[in-house]
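Please open the structure in your viewer and keep the sequence beside it, as this tour goes from one selection to the next.

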Amino acid sequence: MAIRAWLLLFMAVALFSWTGHSKFIAYNTTSTIVNGKINVHLVPHTHDDVGWLKTIDQYYVGSNNSIQDACVQNVLDSLVPALLADKNRKFIYAFFQRWWDEQSEVVKSTVKKLVNSGQLELINGGMCMHDEAATHYIDMIDQTTLGHRFIKAEFNVTPRIGWQIDPFGHSAVQAYLLGAEVGFDSFFFGRIDYQDRAKRKNDKTLEVVWRGSKSLGSSSQIFAGAFPENYEPPSRFYYEVNSGTDDPIVQDNPNLFDYNVMERVNQFVAAAISQANITRTNHVMWTMGTDFQYQYARTWFRQMDKFIHYVNQDGRVNALYSTPSIYTDAKHAADEYWPLKSEDYFPYADKQNAYWTGYFTSRPALKGYVRVTSAYYLAARQLEFFRGKSKAGPNTDYLADALAIAQHHDAVSGTSKQHVADDYAKRIAIGYSEAEKVVAASLSQLTNSASKTGYNHSSIKYQQEINDLKCPLLNISYCPPSEVDLSKGKNLVIVVYNPLGWKREDVVKIPIVDENVVVKDFRGKEIESQFIPLSHVSVAIRKYHAKAYLGKLPKVTPRYWLAFSAIVPPLGFSTYTVSSAKGAAAGGGSEKESVNVSARNEDHKIQVGSGNLKLFYSKKSGQLTKYINKRSMVDESVEQSFGYYSGDDGSVDMQASGAYIFRPNLTYPIRYEKKIGPIPINDGIGKEIVTKISSSLKSNKKFYTDSNGRDFIERIRDYRKDWNLEVNQPVAGNYYPINLGIYTKDKSSELSLLVDRAVGGSSIVDGQLELMLHRRLLEDDDRGVAEALNETVCIADNCQGLTIVGKYYLRVDPLGEGAKWRRSYGQELYSPFLLAFTEQDEHNWNSHVPTFYGMSPSYALPDNVAILTLQELEGGKVLLRLAHLYEVGEDKDLSIMASVELKKVFNNKKINSIEETSLSANQKRSEMEKKRLVWKVKGSSKEPKVLRGRPIDQKNLVVELFPMEIRTFIINFYS
Ligand SMILES: [Zn+2]
């Protein structure tokens with residue numbers, strides 16, 4: 001009853017008020033920067049993940065809302081009228097293309113006006129806000145280029161700001177390469193270690209000038225700001241519609257109850273002063289928004305209008321609508337000296353015992369798939385260029401899109417829900433199968449000799465045949481085109497394409513059914529080959545996964561891997577034929593032995609290797625014990641073992657290991673396995689499988705890990721260069737992301753490991769390197785995913801833990817010799833041979849081109865240069881990106897300037913004009929350099945002179961590259 005009486009009273013008051021003296025208030029939102037006052041830059045933003053708890057499509061259309069109430073369409077639809085309603089309002093947006101494509105010409109033209117006037121600022125500008133730990137720099141460049149070129153084409157705009165607010169730690173490569181080298185003026189982010197953040201607040205060093213590269217130094221530095229908290233507004237200033245929060249709105253109608261203008265202005269001023277106290281200059285930024293906000297944009301703008309109006313009437317501080325660009329210009333104009341930051345912000349912990357280092361390895365299968373398809377995309381674009389890009393026919397665009405989205409900070413990071421991870425993989429698979437058609441068509445055309453010799457053999461439906469014969473399941477030892485019966489006179493032709501710019505020899509390995517075969521090179525000469533029996537484990541994996549993926553068992557079971565060494569010219573292919581041994585000369589080059597086991601010693605050791613390199617394995621455990629390389633005089637006892645960390649179940653303080661967080665408990669030794677999984681969980685304990693390589697190197701706590709596969713950064717165990725680390729997680733707190741490799745060294749040797757996908761790794765004990773290879777966990781880590789990272793593969797309802805078939809590579813070198821292997825072999829690992837198969841009669845095949853040179857046959861790129869991109873763009877233009885692979889001082893022979901002769905690279909075409917661009921190919925390099933803001937650095941000691949290649953001479957067309965330089969060009973050819 002009491003409640004009812006109150007309700008009646010309330011209604012009476014409301015009615016009374018309604019008939020009172022309310023009137024329209026015109027809020028003054030025109031304020032700009034006021035010198036001498038604290039300026040609060042209100043930056044309205046939303047953070048729309050391209051997949052996390054829902055798939056990218058579900059987020060876009062706003063379905064599956066029981067998981068998360070989020071609809072990107074609503075955000076953008078409501079944004080346009082909200083901005084039009086007041087020209088002082090501003091907004092920044094980072095992911096946009098899908099919505100844009102669906103708009104009418106009227107809306108498009110309105111939005112273009114908003115972008116041109118600066119009311120709507122497009123920032124970051126990639127296809128997604130990529131992860132910074134599990135991403136390879138080539139993928140980061142590709143996805144940023146795709147977005148930047150789209151924005152340039154539609155709006156004629158080049159984004160100025162890096163906006164990586166959510167990724168879980170920040171990389172050196174992001175700062176210098178995807179920041180300074182794409183022409184950004186500044187770079188902002190939200191997540192750094194809680195201890196680091198506390199110190200930076202204290203000494204006002206959240207905002208810095210960041211020099212991410214030792215080699216490129218100040219020539220690629222950027223102004224970088226970490227937020228004081230997360231990327232949300234200060235506490236009590238949150239205004240999403242229907243969000244269920246109680247943050248008080250500004251109630252400024254004196255005729256209603258709860259009038260609170262003064263109270264709210266005081267709170268605003270207090271929050272501004274508190275932030276100003278930890279910030280240099282009198283400019284502070286408030287990030288007004290968070291994940292999937294502004295679904296009804298006016299709720300936010302209405303409150304900000306009022307704050308700007310009343311706070312500026314009050315006058316203690318100045319509030320304004322702003323963007324990161326306006327904020328950056330204000331910081332620059334302040335003429336302040338900024339502290340210098342080098343290296344990176346890894347690993348990230350958001351509190352004690354909560355290191356976000358597990359995600360470096362989470363979902364290793366997806367990480368591996370991204371790596372394999374990324375390499376395929378690189379090669380497929382080259383072949384697409386050699387053939388000529390087809391608008392109508394199959395092209396590589398779908399794969400480009402799928403891979404771009406897969407770089408998102410909840411995609412390749414492994415931190416999405418399972419159904420979303422499946423969605424990313426599905427998109428890649430569709431793109432891959434489209435790209436395969438491009439590859440087949442191109443190789444068909446290139447191998448077809450008709451144009452060169454005048455032969456016409458249209459009877460061979462070559463393209464169709466190559467099209468049908470693809471082999472994407474080689475990782476489960478399943479390759480239908482190679483598992484053919486050759487006893488009836490057919491030959492299996494293998495086209496081996498080399499996407500690297502130098503000639504290379506590498507082993508090709510394919511499963512075969514019939515071991516009575518020989519391999520011939522393109523001259524028809526029989527070459528040495530080996531037959532390696534398929535292990536029982538491989539056969540079992542093949543059977544299970546063929547059933548799970550294809551729904552049926554393969555008709556035949558291959559008994560052997562056929563392995564042979566292929567020699568392939570740079571940017572070219574060689575063909576090899578496999579044919580029945582009947583009729584071939586007896587005693588050919590084939591050998592049916594699995595590995596070259598040359599001696600079995602008395603002391604229970606197996607020695608492998610007949611040349612300079614000898615490896616000794618324990619007979620009992622099968623694990624590596626000794627490594628001898630006679631040529632480099634290395635004799636090192638190296639021990640390899642596997643172990644696992646049992647994932648903490650959170651029973652002590654409720655912080656469990658999950659998709660983001662790695663918090664191990666104790667280590668137990670387990671037996672050596674080549675294929676990791678299914679990880680047993682019958683004991684109710686999640687496990688994180690590691691391999692450890694131990695040596696006698698006196699590494700003195702130091703080891704080195706790459707930044708996104710590019711620069712190596714020195715790591716010191718239990719130590720941070722930027723603050724006094726309080727160690728509370730001696731394992732997880734020493735884990736770092738690895739995309740290329742990890743190494744350690746002492747006064748005489750280097751011990752290196754290279755990886756085939758993104759993983760986490762460390763050196764927990766001197767002389768030892770450790771990689772985390774797989775994880776299967778039974779608890780959620782309470783960071784939003786609300787699912788345990790427990791990946792399975794199923795046949796009907798029968799599921800088992802996911803198996804990972806992976807590789808890593810180990811080498812010991814004398815001190816100073818390791819870089820050659822890490823860099824040059826590392827590039828070969830990234831870009832393996834691309835294989836295509838066809839079945840032919842020998843007679844028919846002989847009329848084909850057996851080997852192809854994409855460059856001048858006498859030319860190869862220098863050993864320290866790789867082609868990152870060779871891609872045909874719209875209108876026949878070509879995007880070329882060349883990278884120097886070595887850092888300053890890394891190798892005595894190869895850390896020097898390299899030159900590339902473009903006339904020889906494109907010896908079949910004639911270059912009409914060439915223009916050097918920013919890294920993301922959206923503006924001229926010279927224009928970008930002209931606009932670059934110059935920042936003053938505090939106490940900056942003199943750095944050695946940074947060397948960069950000279951502008952390209954249009955006549956001699958030679959590109960100079962200094963250590964770690966990447967140069968991007970757009971080329972026009974004479975047709
Ligand atoms: Zn996010």
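Leaving aside its neighbours within four places in sequence, with which residues is Ile-405 in contact? Select Ile-405 and you will find that, outside those neighbours, the residues in contact with Ile-405 are Val-50, Ile-56, Met-127, Cys-128, Ala-411, Tyr-424 and Arg-427, where two residues are in contact if their C-beta atoms, placed from the backbone, lie within 7 Å.

Before going on, note that this is a predicted model, in which local features need pLDDT of at least 70 and side-chain atom pairs count only at pLDDT 80 or more, while totals for chains, interfaces and linings use all residues. Residues are numbered from 1 along each chain as its sequence is written.

**The whole chain and its core**

With the whole protein chain in view, there are 21 helices and 50 strands to look for; helices (H or I, at least four residues) and strands (E, at least two) are DSSP runs, numbered from the N terminus. Of the 975 residues in the protein chain, 47% are buried, and a residue counts as buried if 20 or more other C-beta atoms lie within 10 Å of its own, as exposed if 12 or fewer do, and as partly exposed in between, with C-beta atoms placed from the backbone.

Now add Val-496 to your selection, since Ile-405 and Val-496 touch the most other members of the largest nonpolar core, which has 231 residues. A nonpolar core is a set of buried Ala, Val, Leu, Ile, Met, Phe, Trp, Tyr and Cys residues joined through C-beta atoms within 7 Å. Helix α14 (residues 418-447) gives the most to this core, with twelve residues.

**A helix with a buried side**

Next, select helix α9 (residues 261-276), whose 16 residues reach 22 Å from the first C-alpha to the last, close to the 22 Å expected at 1.5 Å a residue; the expected span is 1.5 Å times one less than the number of residues. Colour Arg-264, Val-265, Phe-268, Ala-272 and Gln-275, which are buried in α9. They cover an arc of only 100° around the axis, so they are on the same side of α9, the arc being that of the directions from the helix axis to the C-beta atoms. Among the elements that cover these buried residues are β1 (39-44), β8 (283-288) and α10 (298-314).

**A sheet of five strands**

Move on to the open sheet of five strands, with the order β32-β31-β34-β35-β41 and antiparallel pairing; two strands pair if DSSP finds at least two bridges between them. At the edges stand β32 and β41 (808-814), and because each has a single partner strand, one side of each is left without a neighbour in the sheet. Neighbouring strands of this sheet are turned by 20° against each other on average, direction ignored. Helix α18 (residues 818-830) packs on the sheet, where it touches β34, β35 (749-755) and β41, and its direction makes about 10° with that of β35; axes are lines fitted to C-alpha atoms, for helices over the stretch in contact, and angles run from 0 to 180 degrees between N-to-C directions.

Within this sheet, select strand β31 (residues 702-706), in which four of the five residues are buried. Five bridges join β31 to the antiparallel strand β32 (residues 712-716), and Asp-706 stands opposite Phe-712 in β32. The two strands β31 and β32 form a hairpin with five residues between them, and Asn-708 in the turn has a positive phi of about 50°. Strand β31 also pairs with β34 (residues 741-745), in the antiparallel sense and over two bridges, where Tyr-704 has Tyr-743 of β34 as its bridge partner.

**Stops in the loops**

In the loop between β11 (340-342) and β12 (349-351), select Pro-347, and look at the peptide bond from Phe-346 to Pro-347, which is cis, with omega near -10°. Glu-343 lies in the loop between β11 and β12 as well, and has a positive phi of about 60° although it is not a glycine.

Is Glu-343 buried or exposed? Glu-343 is buried, with 21 other C-beta atoms within 10 Å. For a last selection, take Asp-782 in the loop between β37 (768-776) and β38 (792-795); Asp-782 has a positive phi of about 65° although it is not a glycine, and is partly exposed, with 15 other C-beta atoms within 10 Å.
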